Amino acid sequence: MFWEKKFNDIIESFKNKNKYALAKMITLVENNPDDAWKIISKLPKNKSPHIIGITGSPGAGKSTMVSKLVEKYSEKNQKIGIIAVDPSSPFTGGAFLGDRIRMRTLNPENVYIRSVASRGSVGGLCDSIFDIVDVMSSYGFDKIIIETVGAGQSEIEVVYVADTILLVMSPDSGDEVQMFKAGIMEIADSYIVNKIDLQSANRFLTQLKNTLNLEYEEKHLRKIFGISAIMNKGLDEVIDWIDKHKQNLYKTNEIEDRIKRRKVRRTRSNIIRKLDYTIKDYKIEEENLFELKDNLIKKLTGGKSND
Amino acid sequence: MDRRIRVVIGKPGLDGHDRGAKVVSRALRDAGMEVIYTGIRQTPSEIIETALEEDADIIGLSILSGAHIRLCEKVIEIMKEKGLDNVPLFLGGIIPENDIPQLKKIGVTEVFGPGTSLNLISTRVKEIVLGKEV
């Protein structure tokens, strides 16, 4: 197989914690989705890192916040892997990946940043995200931070990948009606209102507190924070909460539910990706749609169509 | 194989004019590549560190300050040190014609001067990356 040679070339340096080999291994799983699981099963097992998902609309300050959080983790000598996802063009497949620009001050000794393009996946991540997380876990980070594309209300895939989810919001990003909508507002474990120095911040925070009514949800320890990432305000409390949230996930066994949910989603995502490739192979004419459907089902079920 | 060409575009040195770097990044994006832009005022080591972490297939630098030879020498020195010598390097910006032979001699694969069409840049970048593997 094509990937095996590349794999054999890099596996020793990967085990010796060479960053270049890690980068190559991620490319390998990204470019060979069908073989990703075989590749991953040959990698060393390591203790599970805490996977933290950071989502929110474009311009809310996700990258700046990630940068400041990771700076603090790095000072404590923790090893952090960052996956920063940006959108691919639906027309050309190309992508402009610019999140690292706001993470320039991070110490490369303790931090690895990988920019990832969504490659046609909707929901804020990319189809290979589970594989990339596995490769990075095997490499041995203490924490993996996933920053989503940042598109908005239906960007919820991160809930299936991360242990702890932070939703970054900025004041002026809408009224109560936005807060009532399903989707992104439901998936967060904590709500971070960034740019707290803006005049409108207090009103927004009050509205958010009233809408969410978090006092009644002690089990999840969900919480609202007001911070200013750029001015380095309020981040220590967020860091304490992240650790507490992780402990709580294990104490209440909720981590089991989240891992199970992740496995189901991963399987679904693999099937859909395979289906998507199969559809792309067909020359689709409108009048042949029913025939196409039958052919696809036959192909996927090994000849048995139960229409 | 679901391969995409990954390009790191760097802006080394102290000049902060990055319109050209951004326009080229956008053109490469529109030609179907995944472009990682490092931002302005980066040191050669920072750019190489990025190329390494991002597993770049090719690195592009934009230099307008006149320091292109010195900066490219430094970048290529670090690339060798880090084992990135097989990654091609291209250059754009204000580069006098006379300097091109020397730049190619020290290891720059291609130089695109002012006025080069974006189409030509993206076609050449693809050729360089895909040609390398054949």
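**Exercise 1. Meet the interface.** Find how many residues of chain B are in contact with chain A, and how much area the two chains bury between them.

*Solution.* Start with the contacts: 30 residues of chain B are in contact with 28 residues of chain A. Keep in mind that this is a predicted model. Next, take the area: the two chains bury about 2500 Å² between them, and 47% of this lies on carbon and sulfur atoms.

**Exercise 2. Charges and polar pairs.** Work out how many salt bridges there are between chain B and chain A, and look at one of them.

*Solution.* Step one is the count, which is six salt bridges between chain B and chain A. Step two is an example: E53(B) and K19(A) meet through their side chains in a salt bridge, at 2.8 Å from N to O. Such a pair qualifies because the limit for a salt bridge is 4 Å. Step three asks which elements of chain B supply at least two residues each to the side that touches chain A: they are helix 1 (19-30), strand 2 (34-37) and helix 2 (44-53). Step four sorts the residues of that side of chain B into nine nonpolar, eight polar and 13 charged. Finally, turn to polar contacts: 18 residue pairs across the interface make one, with both residues at pLDDT 80 or more.

**Exercise 3. Zoom in on one serine.** Decide whether S115(A) is buried or exposed, and find its side-chain polar partner.

*Solution.* First locate S115(A): it sits in strand 4 (residues 111-117) of chain A. Its relative accessible area is 2%. Buried means under 20%, so S115(A) is buried. Now list its neighbours, leaving out residues up to four places away in sequence: S115(A) touches A84(A), L97(A) and R100(A), and also R6(B), I36(B) and E54(B). With E54(B), the side chain of S115(A) makes a polar contact to the other side chain at 2.6 Å.

**Exercise 4. Follow the strands.** Trace which strands pair with strand 2 of chain B, and in which sense.

*Solution.* Begin with chain A: its strand 3 (residues 95-97) is joined to strand 2 of chain B by three bridges, and the two run parallel. Here F96(A) has V35(B) as its bridge partner. Then move within chain B: strand 1 pairs with strand 2 in the parallel sense over four bridges, and V8(B) has I36(B) as its bridge partner. To finish, check how covered strand 1 (residues 6-10) of chain B is: five of its five residues are buried. R6(B), V8(B) and G10(B) lie on one side, with V7(B) and I9(B) on the other, so both faces of this strand are covered.

Key. Residues numbered from 1 in each chain as written. Chains lettered and ligands numbered in written order. Predicted model: local features only at pLDDT ≥ 70, side-chain atom pairs only at ≥ 80, totals over all residues. Heavy atoms only, no water. Buried < 20%, exposed > 50% of the residue type's maximum accessible area, 1.4 Å probe, protein only. Polar contact = N/O pair within 3.5 Å; in protein donor to acceptor, adjacent residues only side chain to side chain. Contact = heavy atoms within 4.5 Å. Buried area = accessible area lost by both parts, 1.4 Å probe. Nonpolar A, V, L, I, M, F, W, Y, C, P; charged D, E, K, R; others polar. Pairing = 2+ DSSP bridges.
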